[in-house]
Amino acid sequence: MAKTKIADDFHENESGVTGQYRHWFLDYASYVILERAVPAVEDGLKPVQRRILHAMKEMDDGRFNKVANIIGQSMQYHPHGDASIGEALVNMGQKDLLIETQGNWGDVRTGDDAAAARYIEARLSKFALEVAFNAKTTEWQLSYDGRKNEPVTLPMKFPLLLAQGADGIAVGLATKILPHNFCELCDAAMKYLKNKKFDLVPDFLQAGMVDATNYNDGKRGGKVRVRAHIEELDKKTLLIKDVPYGVTTSGLIDSILKANDQGKIKVRKVTDNTAANVEIQVDLAPGISPDITIDALYAFTDCEVSISPNACVIVDKKPQFLGVRELLQLSVDHTKELLKRELEIKLAELQEKWHYTSLEKIFFEEKIYKELEKKHETWEKVLMAIGKAFEPYRKQLKRDITREDIVKLTEKPVRRIYKLDIDELNAQIKGLEAEMKQVRHDLNNLVDFTVAYYENLLKKYGKGRERKTEIKLFEAIQAQQVAIANAKLYVNRAEGFIGTGLKKDEFVTDCSDLDDIIAFTKGGKMKVVKVADKTFIGKDILYVAVFRKNDERTTYNMIYVDGKSGVSYAKRFNVTGVTRDKEYDLAKDDPKSKVHYFSANPNGEAEVVRVVLSPSSTARHKEFDFYFEELEIKNRSSLGNQVTKYPIRTVKFKEAGKATLSGRKIWFDPQFGRLNEDGKGEYISTFEGDERLLVIYNDGNYEITDTELAQRFDAEKVLEMRKFDPERIITAIYLDNEKLQYNVKRFKIETTTLRNKFSFIKEGDGNKLELVTLAPEPIVLIKSGRGAQAKTQKIKIAGFVEVMGWRAVGSKLFDFSKSVEFEWAHKEEAKEKPPQQELF
């Protein structure tokens, strides 16, 4: 039969291959999409998962079952063998929602596999039994071999698809739905029912951090960035405290070692200390900055991964791409409909029970049962006599009396009837009427009933399911800025080549293989190229360096001759952005144009040069000084200012100049805990040269540091961040827990070590910084006592305490009391404001 059909399909098309592709491949693709890879929107399950849960429900007796037995039971419904069933079962068990596990089920964080199926056990969780099963509302179908009934979909009364997530690769499409937080899903469901706005952000069992700025509601085209928490144990050691979603500890360590081998980071050793909690220890190479290494770990290893969601589900037996909000709405609507059907079924059952109880009451109360004692010719006539006896009471009932009702009554054993029995039947009827009233109320207020249902789920099962993944905005990390210099750059000036392979030529600088290189030639050409083994720039190279995009401080000073007119010009310019590998003309495009003098100045320095003219020129003065500081910094393509119309013999450096640019304006962005020059966050100050930064923390430490932008600060701990002035006096009030008193001290900072924290309060358990200020004349208000006993004192600290060393304990200010409060009463020293032009 099958062969005949195949032959018919083969011959009905001009080409047999075309026919096979058209029918067989599309059938296969449809089967994989609908029956294997993509979950159904109704219950959020793939067929194999649904069959496993159904098999577990059939086996459920409250005790754990061997996974091997569960797999065997599931094979009655699933035609694809024990391996796929076992894998799907372990996957569901590791998500700790529908299945309770016992034994070694592996670890998604480390990638460890579960033990063999014969050693581990499982059972349905109480949550699963409550939300996923109800035979009365389940639609059934025959299993693959026709021997058993299995559910088309489970009557799932929870957005399981969003809670567990899903991955699947089908033919021609794939699905990737990220897991979300249990409690947040319940809250979102209630908000949707109340017509309130809600947002959903992925949450992972592995914890970590997530930036869902571009989540795009989980649709195609969106992405989330997931990071591990990295802590700085000390200046030589980092600790990775968790792993991103989809990454294992072994995979993460491999990515770190690979980045180290490629020279992108420098670490001495990586140790996996993972036990109950993830901990990977990274020991840094000597002299390597921990802050830059943290950024490099995010940039070059699996400490940060980008995940692209692609929410595809089966709706009406067709794959559809939906957003997570729409998925939640469909689930909530489906849950509401299931609850409605359950209420309707319950109401019908209550009505049936009320009907029979009422019949039973009348049967005994009105002594209709005595018809059984009378002599009737046949049993049918007995039933007819009883039915006739009920005639006067039919109006008390809500439906007609059937033959089955009467038969059921006659089957009830007849004994002596007491008034107590009648009272009990009356009580049952009242109870049933109260229940029916409540069910009708719930049906009439279905939205409120559904909200209460989700509230109950949250109350019963929400404990311990709080969000594990921290929602955070991630700063952009430029890979070139954090890559370790793993290559050496050389130049052959005469031949015009640069590269890392020219080891016999002149060494220029250390660089990374991610860097761009900028080069200038004597012919007035400029080019920016990627680091490579050997690259041709142009003959007679004057200057080579690592190029920093958007660098507005490095200023190039140049004097060149226009080959066409013979006039020499001088100009100053920045190079902020270029097209890689494109050649730019800085002098006029003429073969005779050439550069007489060139310099690169990191802070816009403007030197003085000595210009020597050709001896044969007719100029009165054959030598003169030229001051670059008299030139404005213009565009690189500008002509420049005329230096002389006479031929120049040479231009010599004479005297270094001062920086013509203002200092670096530094801001602190508390959102990311980073310094920046982009005007983000709080303005600190303008820094010249090697001026330092003072940071005071709420744990009683201070730190002097430079203004390197790669540094990280714990914004929650930072109290003050100012330009460091060694003459500035700091005033601090802290609790001395040992002596149960508050001390005050005024001190100047005498340490000079950079990036080291120093404690300026007395060391000891329970010691705590209360207040700190940099005001020159601090005044403190001390509030003590409560109610009628409340007192307030005002003390001028400068007249009370002398300036002392930063290590000093300080002087006693007040006895400890839980009711004591301190606050500064002086006018705080105003922080520096950015220049007016920075505000617009």
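**Helix faces, an open sheet and selected side chains**

In helix α15, the buried residues are Leu446, Thr450, Val451, Tyr453, Tyr454, Leu457 and Tyr461. These residues lie on the same side of α15, because they cover an arc of only 155° around the axis. On the other side of α15, Asp448 and Lys459 are exposed. The pattern fits the geometry of an α-helix, which has 3.6 residues a turn, so residues three or four places apart point the same way. The model analysed here is a predicted one.

The length of α15 was also checked. The helix runs over residues 446-461 and holds 16 residues. At 1.5 Å a residue, α15 should span 22 Å. Its end C-alpha atoms are 22 Å apart, so the two values agree.

Helix α3 gave a similar check on length. It covers residues 47-59, 13 residues in total. From the first C-alpha to the last, α3 reaches 18 Å, close to the 18 Å expected at 1.5 Å a residue. Helix α3 is mostly covered, with 11 of its 13 residues buried. The buried set begins with Pro47, Val48, Gln49, Arg50 and Arg51. It continues with Ile52, Leu53, His54, Ala55 and Met56, and ends with Met59. Charged side chains are thus named in this set, including those of Arg50 and Arg51.

A sheet was examined next. Four strands form an open sheet in the order β39-β37-β38-β42. Their pairing is antiparallel. Strands β39 (718-723) and β42 (757-759) are the edge strands, and each pairs on one side only. Neighbouring strands of this sheet are turned by 20° against each other on average, direction ignored. Strand β38 comprises residues 701-705. It runs antiparallel to β42, and 3 bridges join the two. Tyr702 stands opposite Phe758 in β42. In general, strands of a sheet pair through backbone hydrogen bonds, either parallel or antiparallel.

Cysteines were then searched for cross-links. The whole structure contains 0 disulfides. For Cys183, the closest cysteine sulfur is that of Cys186, at 6.7 Å. This is too far for a bond, because a disulfide needs sulfur atoms within 2.5 Å. Cys186 is likewise in no disulfide, and its nearest cysteine sulfur is that of Cys183, 6.7 Å away. Both residues are covered. Cys183 has 14% relative accessibility and counts as buried. Cys186 has 0% relative accessibility and also counts as buried.

Ser593 sits in the loop between β27 (583-585) and β28 (594-601). Its relative accessibility is 4%, so Ser593 counts as buried. The side chain of Ser593 makes two contacts with backbone atoms. One is with the backbone nitrogen of Gly563, at 2.9 Å. Another is with the backbone oxygen of Lys588, at 2.9 Å.

Tyr569 belongs to strand β26, residues 568-573. With a relative accessible area of 10%, Tyr569 is buried. Tyr569 and His596 are 27 residues apart in sequence. Their C-alpha atoms are 9.7 Å apart in space.

Ser250 is part of helix α9, which spans residues 249-261. At 40% relative accessibility, Ser250 counts as partly exposed. Its side chain is joined to that of Thr248 by a polar contact of 3.3 Å. Ser250 was also compared with Arg712, which is 462 residues apart from it along the chain. The C-alpha atoms of this pair are separated by 27 Å.

Backbone angles drew attention to two aspartates. Asp96 has a positive phi of about 55°, although it is not a glycine. Asp96 lies in the loop between α5 (82-94) and β2 (99-102). Its relative accessibility is 48%, so Asp96 counts as partly exposed. Asp316 also has a positive phi of about 55° and is not a glycine. Asp316 is found in the loop between β15 (312-315) and β16 (318-321). At 63% relative accessibility, Asp316 counts as exposed.

Definitions and conventions: Residues numbered from 1 in each chain as written. Predicted model: local features only at pLDDT ≥ 70, side-chain atom pairs only at ≥ 80, totals over all residues. Heavy atoms only, no water. Pairing = 2+ DSSP bridges. Axes fitted to C-alpha atoms, helices over the stretch in contact; angles between N-to-C directions. Buried < 20%, exposed > 50% of the residue type's maximum accessible area, 1.4 Å probe, protein only. Expected span 1.5 Å × (residues − 1). Arc of directions from axis to C-beta. Polar contact = N/O pair within 3.5 Å; in protein donor to acceptor, adjacent residues only side chain to side chain.
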